[in-house]
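The following exercises concern one protein chain. Each task is followed by a solution that proceeds step by step.

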Amino acid sequence: MSKLSAALHKVGHMRLLHTSDWHLGRTFHGASLIEAQRAVLQEIIDITINQQVDVVLISGDIYDRALPHVDAVQLCNWVLRELRATGASIVITSGNHDSASRLGFGADLLDSAGVHIIADTQRMLQPVLRDAGDHQVAIYGIPYLEPRMVMERLGVAKASHEAVVQAAIAQIDEHLEQLRAGQKPVVSIAMAHLFAAGGIGSDSERELSTGNLDVVPAELFEHFDYSALGHLHGRQKVKEHVRYSGSPLAYSFSEATQRKGVWLIETSASGIESIEEILLPVPKKLAILKGKLAELLADPDLESAVGAWCQVTLTDSERPADAMATIRTRFPDTVVLNFAPEGTGEKEQPASYAERMAKATSTEQVVRDFVEHVRERAADGPECEVIDSVIQATREAQASQ
């Protein structure tokens with residue numbers, strides 16, 4: 001927990017909570033995560049209360065898809081209501097998984113309720129302003145910008161993420177300069193959903209474009225006092241004041257070692273007073289297991305993985321029969337099963353399926369090779385008998401016609 005947890009809210013200070021990439025409605029290898037998402041969102045609500053947060057920032061991908069399931073919409077409605085009940089304002093920007101037009105529906109009306117949704121380029125230049133007494137906090141939201149959709153609007157000739165983000169920030173900089181000409185100091189906060197150069201990605205993120213066309217230089221955000229980024233699911237610091245909060249839950253096994261959390265930012269008239277990490281609890285752990293089937297079932301050191309989502313790689317020389325059903329007798333939430341026999345990297349690679357078919361001397365051999373190719377385990381004695389009997393019966397039936 002943050003060192004600030006027991007401190008009183010200081011006069012002339014403001015606290016903001018940086019979170020992103022909720023992906024409400026997402027599944028984990030087919031399993032629903034709604035209840036796990038509800039649990040971790042309740043933690044964010046509790047943090048907002050305990051830390052006396054003034055503004056909650058959600059930097060894109062509040063939903064997992066453009067047309068979210070009704071359960072995801074209901075969960076979103078619940079968490080926004082509960083967050084507002086704490087007294088905190090909420091600022092949301094759209095991400096590449098969101099439908100900007102749907103997410104932004106009713107945004108003008110919601111402003112009066114303290115929920116500010118920035119999902120189009122027009123609202124980019126309408127910062128959310130909060131008065132902290134001796135200074136103002138100006139929060140500029142940059143929605144996810146699909147280059148070909150916004151390049152003309154932003155006066156950009158090149159369809160790249162760097163070009164459109166640079167143009168958007170240039171417009172914001174002009175507006176910010178006018179704001180800073182006022183009597184009170186202004187602490188500027190940027191929100192954006194993008195891939196900043198230097199960030200480390202995960203398998204669960206949808207690519208924004210092919211190659212490196214989606215990478216945006218972090219230096220573009222140097223004029224802001226703090227930049228709350230979304231898109232990358234690992235919480236990380238690209239630069240001191242340019243950070244990703246990451247997703248509150250792990251959405252792929254590549255995130256198994258990540259510690260999920262949020263950033264708590266405190267402002268003062270002099271700028272950013274402090275940035276603290278607050279870790280989130282893990283509703284259900286991830287476990288990556290590798291070994292022979294019998295050893296995994298018997299190893300007492302793997303007891304902690306029994307209740308986890310499991311990715312299992314079996315190293316048996318042949319694929320065990322009913323491998324998934326067997327591994328689930330101990331690890332019931334195994335959702336990924338791979339097969340990598342030990343020593344295959346050192347041995348001569350087996351002939352391809354086409355090569356084996358070319359050498360097959362009988363119909364029986366063709367079928368047996370097919371079975372071995374599909375399941376990576378040769379047919380055993382009883383299975384060979386079934387194959388032979390079916391082929392023989394077929395031949396006899398054809399001969400009698």
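Angles between directions under 35 degrees count as roughly parallel, those over 145 as roughly antiparallel, those from 65 to 115 as roughly perpendicular, and the rest as oblique. The model is predicted, so local features need pLDDT of at least 70 and side-chain atom pairs count only at pLDDT 80 or more, while totals for chains, interfaces and linings use all residues. Residues are numbered from 1 along each chain as its sequence is written, and side-chain values use heavy atoms, with hydrogens and water left out.

**Exercise 1. Helix packing**

Determine how α1 and α2 are oriented to each other, and which residues make the contact.

Step 1. Helices (H or I, at least four residues) and strands (E, at least two) are DSSP runs, numbered from the N terminus. Axes are lines fitted to C-alpha atoms, for helices over the stretch in contact, and angles run from 0 to 180 degrees between N-to-C directions.

Step 2. The angle between α1 and α2 is about 10°, and their axes lie 10 Å apart. The two helices are therefore roughly parallel to each other.

Step 3. A contact means heavy atoms within 4.5 Å. On the α1 side it is made by I34, Q37, R38, L41, Q42, I44, I45 and T48, and on the α2 side by D71, A72, L75, W78, V79, E82 and L83.

Step 4. Sorted by class, this contact has 9 nonpolar, 3 polar and 3 charged residues. Here Ala, Val, Leu, Ile, Met, Phe, Trp, Tyr, Cys and Pro count as nonpolar, Asp, Glu, Lys and Arg as charged, and the others, Gly among them, as polar.

**Exercise 2. The nonpolar cores**

State which residues have the most contacts inside the largest nonpolar core, and which elements give two or more residues to this core.

Step 1. Buried means under 20% relative accessible area, exposed over 50%, and partly exposed in between (1.4 Å probe, protein chains only). A nonpolar core is a set of buried Ala, Val, Leu, Ile, Met, Phe, Trp, Tyr and Cys residues joined through side-chain atoms within 4.5 Å.

Step 2. The largest such core has 43 residues, and W22, L24, L41, I62 and I92 have the most contacts inside it. Two or more residues come from each of α1 (34-50), β4 (55-59), α2 (70-85), β5 (89-93), β6 (115-118) and β15 (261-268).

Step 3. A second, separate core of 36 residues has A167, L176, A196 and V242 among its members.

Step 4. Leaving aside residues up to four places away in sequence, L41 touches W22, L24, L75, W78 and V79.

**Exercise 3. The six-stranded sheet**

Give the strand order of the open sheet of 6 strands, and identify the strands at its edges.

Step 1. Two strands pair if DSSP finds at least two bridges between them. The order is β6-β5-β4-β1-β15-β16, with mixed pairing.

Step 2. β6 and β16 (271-279) stand at the edges with a single partner strand each, so one side of each has no neighbour in the sheet. On average, neighbouring strands are turned by 20° against each other, direction ignored.

Step 3. β5 and β6 run parallel and are joined by 4 bridges; I90 stands opposite V115 in β6.

Step 4. α1 packs on the sheet, where it touches β1 (14-19), β4, β15 and β16, and its direction makes about 170° with that of β1. α2 also packs on the sheet, touching β4, β5 and β6, with a direction about 140° from that of β5.

**Exercise 4. Positive phi**

Locate H23 and Q52 in their loops and compare their burial.

Step 1. Most residues other than glycine have a negative phi. H23, however, has a phi near 50°, and Q52 has a positive phi of about 50°.

Step 2. H23 lies in the loop between β1 and β2 (27-28), whereas Q52 is found in the loop between α1 and β4.

Step 3. H23 is buried, at 0% relative accessible area; Q52 is partly exposed, at 34%.

**Exercise 5. Strand β18**

Establish which residues of β18 point one way and which the other, and whether they are buried or exposed.

Step 1. β17 (residues 286-291) runs parallel to β18, with 6 bridges between them. The bridge partner of L286 in β18 is W309.

Step 2. In a regular strand the side chains alternate between the two faces of the sheet. In β18, W309, Q311 and T313 point one way, and C310, V312 and L314 the other.

Step 3. Of the 6 residues in β18 (residues 309-314), 6 are buried.
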